[in-house]
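Visitor: Before we look together, could you help me see how the words used for a structure follow from their definitions?

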Amino acid sequence: MTPTFPDVSISTERLVLRPFEEADIPELADMMNDELTAAWTSVPNPYTPADAREWITRGAPAERTSGRGIVLAVDEHLTHRLVGTLHLKNTNWHTLTSEVGYVVGPWARGEGYAAESVLAIAQWLFHDQKFERLELRTAAGNTASQQVAQKIGCVSEGVLRNALIVRSRTEDGGWTDIRTDLIVWGLLPEDLEDAHTPAHRGAR
Ligand SMILES: CC(C)(COP(=O)(O)OP(=O)(O)OC[C@H]1O[C@@H](n2cnc3c(N)ncnc32)[C@H](O)[C@@H]1OP(=O)(O)O)[C@@H](O)C(=O)NCCC(=O)NCCS
């Protein structure tokens with residue numbers, strides 16, 4: 001039987017990482033229906049409430065139950081507002097490696113939430129799940145995402161030339177696909193030894 005991640009909830013200083021619920025559908029649709037997310041990720045564009053419902057009720061739970069990864073909503077402790085999402089994907093249970101994707105809502109950017117939540121899931125992955133490597137993949141032009149990788153101690157390991165399709169605005173206000181390079185970032189347990197944001201973990 002393929003191993004799976006447990007249904008988990010993780011608290012950090014300012015955030016709670018937890019499974020999505022149907023009540024999150026409107027806010028998830030708002031978060032994904034955004035210029036930067038459309039540009040740098042491959043989520044549906046436009047992203048409708050029906051897309052959010054499909055992801056929350058089927059896609060996200062299937063990521064966990066299939067062993068491919070886990071999808072978590074990120075809430076602000078103080079306001080209980082949804083501020084982001086994390087997705088562990090392409091998990092390999094033999095090599096104990098996984099990849100993380102992340103989005104922070106336009107209303108919550110620039111507060112360090114992406115770095116804090118990715119660091120928390122990395123700590124959980126290495127300490128609780130005994131994984132050996134976490135990978136981040138960023139488009140060559142996605143400066144904010146590269147800042148996140150750098151801030152949490154990832155090492156830039158190389159460039160996959162022409163490996164990614166991103167979206168760019170056209171003059172008439174539409175979108176067009178553009179081929180670009182992909183930067184691969186790796187994080188190993190020893191890279192986190194200096195990290196000073198301990199996550200408080202709890203099984204649900
Ligand atoms: C990438 C993303 C998750 C960052 O979220 P965030 O919560 O704002 O990230 P953080 O606040 O932890 O860090 C962002 C850093 O990038 C910097 N930054 C943001 N925009 C920037 C820009 N255009 N140029 C240079 N630096 C930029 C911020 O100043 C910050 O760095 P600092 O803490 O050193 O000041 C968010 O912009 C997003 O959701 N983008 C769309 C989806 C996406 O690209 N996902 C990643 C796919 S790999």
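Visitor: What makes the shell around the ligand divide into nonpolar, polar and charged residues?

Guide: In this predicted model, the division rests on residue type, where Asp, Glu, Lys and Arg count as charged and Gly is among the polar ones, and on that basis the shell holds ten nonpolar, ten polar and two charged residues. Helix 5 gives five of the shell residues, the largest share, while helix 2, strand 5 and helix 4 each supply at least two.

Visitor: How do you know that the span of helix 3 is close to the expected one?

Guide: The expected span is 1.5 Å times one less than the number of residues, which for the 17 residues of helix 3 comes to 24 Å, and the distance from the first C-alpha to the last is 23 Å, so the two values are close. Helix 3 nevertheless has a kink of about 45°, centred on Trp55.

Visitor: Why is Trp55 in helix 3 called buried?

Guide: A residue is called buried if 20 or more other C-beta atoms lie within 10 Å of its own, and because Trp55 is listed as buried, along with Ala52, Ile56, Ala60 and Glu63, it meets that cut-off. The cover over the buried residues of helix 3 includes helix 1, strand 3 and strand 4.

Visitor: What makes Val118 and Leu86 a pair in contact?

Guide: Contact requires C-beta atoms within 7 Å, and Val118 is in contact with Leu86, as well as with Val100, Tyr102, Val148 and Ile152, so each of these pairs satisfies the cut-off. Val118 is also among the residues with the most contacts inside the largest nonpolar core, which has 46 residues, and helix 4 contributes ten residues, the largest share of this core.

How values were computed:
Residues are numbered from 1 along each chain as its sequence is written. This is a predicted model: local features need pLDDT of at least 70, side-chain atom pairs count only at pLDDT 80 or more; totals for chains, interfaces and linings use all residues. Helices (H or I, at least four residues) and strands (E, at least two) are DSSP runs, numbered from the N terminus. The bend at a residue is the angle between axes fitted to the seven residues ending there and the seven starting there. A residue is buried if 20 or more other C-beta atoms lie within 10 Å of its own, exposed if 12 or fewer, and partly exposed in between; C-beta atoms are placed from the backbone. Two residues are in contact if their C-beta atoms, placed from the backbone, lie within 7 Å. A nonpolar core is a set of buried Ala, Val, Leu, Ile, Met, Phe, Trp, Tyr and Cys residues joined through C-beta atoms within 7 Å. Lists of a residue's contacts leave out its neighbours within four places in sequence.
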